[in-house]
Amino acid sequence: MTLFCRNGQGDSLTLEGRVLAPAQGIDECLSITIEDGWIRRVEPSGSTRLLLAPAFVDPHVHLRTPGREDEETLRSGTEAAAAGGYCAILAMPNTDPVVDSASVLGALVERARGDAAIPTGFMAAITKGQRGEELAELADLAANGASAFTDDGRPVASAGMLRRALRYASLTRLPLALHCEEPSLSRGGQVHEGGVSAELGLGPYPSAAESLMVERDLALAGLESHPIHLMHLSAKESVAAVERAVAEGVRVTAEVTPHHLVLTDDAVRSLDPNVKMNPPLRAEEDRATLLDALRRGTIACVATDHAPHARHEKEVPFEEAPFGVTGLETAFAALHTYLVLPGLLPLRTLLERMSAGPARAFGLQEPAVEVGARANLVELDLEAEWEVSEDGFRSLSANSWLVGKTLRGRVVRTIAHGREVFAA
Amino acid sequence: MASDPRVPAAPRRHLLSVSDLSREDVERLLETARSLAAALDREVKKLPTLRGRTVVNLFYESSTRTLASFELAAKRLSADTMSMRSSGSSVDKGESLKDTALTLAAYDPDVIVIRHPSIGAPGLVARVTAAHVVNAGDGKHQHPTQALLDLYAMREALGRLEGLHVAIVGDVLHSRVARSLVQALALVGARSLLVGPPTLLPDGIEALGCEVSTDIGAISAADVVYVLRMQRERMAPGEAYVPSLREYTALYGVTPERVRPGQVVMHPGPMNRGVEIDPRVADSAAALVTDQVRAGLVVRMAVLYDVLTVAPATVPVAAVVA
């Protein structure tokens with residue numbers, strides 16, 4: 001068991017609509033009867049107004065707890081996730097203190113049992129303090145409920161250290177989730193190296209800073225035969241490297257964020273700190289390659305990399321702003337609006353990559369529409385138009401690149417682990 | 001998407017980047033500067049144009065010529081001026097740029113002129129205050145009044161801008177002057193060529209409409225040789241973009257041997273004599289350095305006048321969503 005949430009009874013209710021569950025091959029109008037949190041009956045129905053799908057799983061969320069509870073808490077972050085249609089999320093360990101010991105992890109698990117609105121998993125650090133120098137107690141962390149290991153926010157800079165971590169982590173069977181960044185190439189980097197960085201004078205962060213590390217990490221994962229998950233890919237060269245490695249049998253999964261699928265570095269011309277993230281927005285070719293990889297399944301997961309920041313920390317000149325944007329409450333609507341509606345990504349593929357894809361990558365139970373399964377469902381109104389506003393977030397932070405945008409498609413209800421956790 | 005809903009959204013003219021200007025804007029500003037220069041030839045050098053207006057200079061980086069020039073420009077136009085430097089102010093106490101801007105905005109300044117080490121600072125001040133904002137240099141991004149004064153000095157010296165060939169030599173990578181000037185030259189139909197060591201020429205800069213060369217010999221075809229300051233802080237250990245200043249000077253220093261008769265030489269200052277520019281060149285009749293400083297005064301007067309009196313153009317908002 002690596003997911004934790006508030007205890008409570010499962011709910012009983014009946015949902016009706018067009019059910020689209022790509023992993024189960026379902027696309028028909030059904031009525032789903034949930035009793036005490038379990039799917040008890042699935043029957044034909046005439047209702048087509050709403051879309052029902054397996055709820056979403058986000059493998060990359062910063063809950064900022066412990067340490068920055070002004071930016072996000074377990075409660076606010078999981079409520080934001082529920083509003084975004086998620087039934088499970090994985091939280092990153094780059095907190096203060098870092099989740100690198102069973103005691104810090106244990107305190108989080110305890111708190112999640114009281115506060116988490118939806119099942120939440122906690123990744124633990126690969127190295128102590130995420131300093132890249134000594135291994136964290138991976139076996140102890142796994143025994144105490146860690147869902148995977150990552151030093152996210154920074155790379156494991158030393159190849160020797162990563163190799164040792166991969167080898168030792170085989171004791172736990174948990175994947176290593178890797179933030180790929182070669183620091184000597186990204187140092188001082190703010191935006192993708194190219195015409196925009198040259199024009200604006202912002203420190204260049206070349207694609208090679210990511211893809212070189214992706215190549216290294218894939219080589220080491222192959223060497224140690226341990227599964228890795230590559231986080232927030234941004235560069236076309238990284239996608240090519242993953243494809244080669246998959247062909248060679250390396251056990252690798254990968255994720256991409258909504259912002260890397262929708263925006264390019266052209267957006268940086270606005271100098272809006274809410275388009276500043278690590279890795280940076282890249283060129284149109286990169287965006288197209290990422291989208292294609294998501295379509296084909298080379299990248300099987302959409303991850304928000306939800307990174308809340310206090311308003312005053314983002315209300316500074318672009319160059320001084322911290323990296324990161326929020327995304328839990330807008331991921332589906334943004335991708336539906338900018339990719340599905342223009343015909344660039346089939347709806348069923350999007351639903352699969354937001355749910356079964358990430359669940360499989362981390363060995364979690366796949367949300368499914370079947371009798372006898374725990375209910376993990378999202379109800380979507382694909383026609384609803386809504387404007388993203390700073391005041392509308394359940395997250396404690398509002399550093400979204402979508403503020404002011406009108407989106408089409410909205411989550412209207414979320415059932416997570418048998419409980420109704422969100423209803424519009 | 002960056003606008004702050006709490007600030008009245010009345011459109012105002014700013015000067016944040018050369019990329020916001022049209023050719024007509026540039027022509028108008030240079031014309032205004034020219035007529036102001038004529039007015040300054042009179043015995044009494046003060047014009048009543050901006051009487052009752054307030055101009056605040058907010059400087060977060062050391063500056064001699066730019067600050068002096070903005071101060072004097074505002075005074076010559078009879079505006080009230082106030083200059084704030086970051087040292088010795090509340091910035092030393094950790095005040096954020098937003099709060100400093102809001103504090104100054106409480107005095108209802110008409111114009112805030114800002115120099116700041118971070119890219120995007122002028123845009124932030126424009127978002128959170130109701131003042132017209134003039135960028136006096138933000139990090140490695142933009143220094144639009146420098147570009148305008150350079151155009152002015154070039155036209156005064158050579159009689160035209162259209163078709164002019166300008167070679168810009170040196171540390172382009174870290175230069176807001178180079179970025180602004182290349183854009184400004186493209187606007188007026190002049191040709192620019194960037195010359196420097198490959199490590200100081202950013203990838204993708206050609207997109208601004210310039211040519212690029214690593215050969216100092218390429219400057220001989222130019223009408224203007226524009227020398228950039230070689231910033232010594234770029235030579236810190238681990239930060240060295242060239243092996244040594246000695247080698248840089250040997251390869252790219254602008255010496256009398258490398259300047260062709262008939263060419264003019266410009267430099268935005270402050271100069272490192274003996275590094276990027278040979279003192280014999282700096283002191284020669286070909287050098288327009290003091291003309292540039294003089295141009296700075298009238299061009300900045302023109303900019304202050306322009307942002308306050310000319311109706312704002314519709315500012316094109318870059319498409320954010322692909």
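**Exercise 1. How many residues does each chain bring to the contact between chain B and chain A?**

Solution. Before counting, note what we're looking at: this is a predicted model, where local features need pLDDT of at least 70, side-chain atom pairs count only at pLDDT 80 or more, and totals for chains, interfaces and linings use all residues. Residues are numbered from 1 along each chain as its sequence is written, while chains are lettered from A and ligands numbered from 1 in the order in which they are written.

Step 1: fix the rule. Two residues are in contact if their C-beta atoms, placed from the backbone, lie within 7 Å.

Step 2: read off the two sides. Chain B puts in 27 residues and chain A puts in 30 residues.

Step 3: find the elements on chain B's side. Those giving two or more residues are α3 (97–105), α4 (121–128) and α6 (176–187) of chain B. Helices here are DSSP runs of H or I with at least four residues, strands are runs of E with at least two, and both are numbered from the N terminus. The top contributor on this side is α4(B), with three residues.

Step 4: sort by class. The side of chain B that touches chain A holds 14 nonpolar, eight polar and five charged residues. (Nonpolar means Ala, Val, Leu, Ile, Met, Phe, Trp, Tyr, Cys and Pro; charged means Asp, Glu, Lys and Arg; the others, Gly among them, are polar.)

Step 5: check the predictor's scores. The complex gets an ipTM of 0.86 and a pTM of 0.92.

**Exercise 2. Describe how chain B is divided, and how its domains touch.**

Solution. Step 1: take the bounds, which come from an automatic or database domain assignment. Domain 1 of chain B is 18–143 + 294–309, and domain 2 is 144–289.

Step 2: place them. Their C-alpha centres lie 25 Å apart.

Step 3: look at the contact. Here 22 residues of domain 1 of chain B meet 22 residues of domain 2 of chain B. On the domain 1 side, α1 (23–40), β4 (132–138) and α9 (289–309) of chain B each supply at least two residues. That side splits into 10 nonpolar, eight polar and four charged residues.

**Exercise 3. Judge the confidence and overall dimensions of chain B.**

Solution. Step 1: start with pLDDT, the predictor's confidence in each residue, from 0 to 100. Chain B averages 91, and 92% of its residues reach 70 or more.

Step 2: spot the weak stretches. The pLDDT is below 50 over residues 1–9 of chain B, a stretch with 15 contacts beyond near neighbours in sequence. It is also below 50 over residues 314–322 of chain B, where there are 14 such contacts.

Step 3: size it up. The C-alpha atoms of chain B fill a box of roughly 55 × 50 × 45 Å along the principal axes. Chain B has nine helices and nine strands.

**Exercise 4. Trace the open sheet of eight strands in chain A.**

Solution. Step 1: get the order, counting two strands as paired if DSSP finds at least two bridges between them. The order is β5-β6-β7-β8-β9-β12-β13-β14 (chain A), with parallel pairing.

Step 2: find the edges. β5 (56–61) and β14 (301–302) of chain A each have a single partner strand, so one side of each has no neighbour in the sheet.

Step 3: zoom in on one pair. β12 (228–230) and β13 (252–256) of chain A run parallel over three bridges. Within this pair, I228(A) has V252(A) as its bridge partner.
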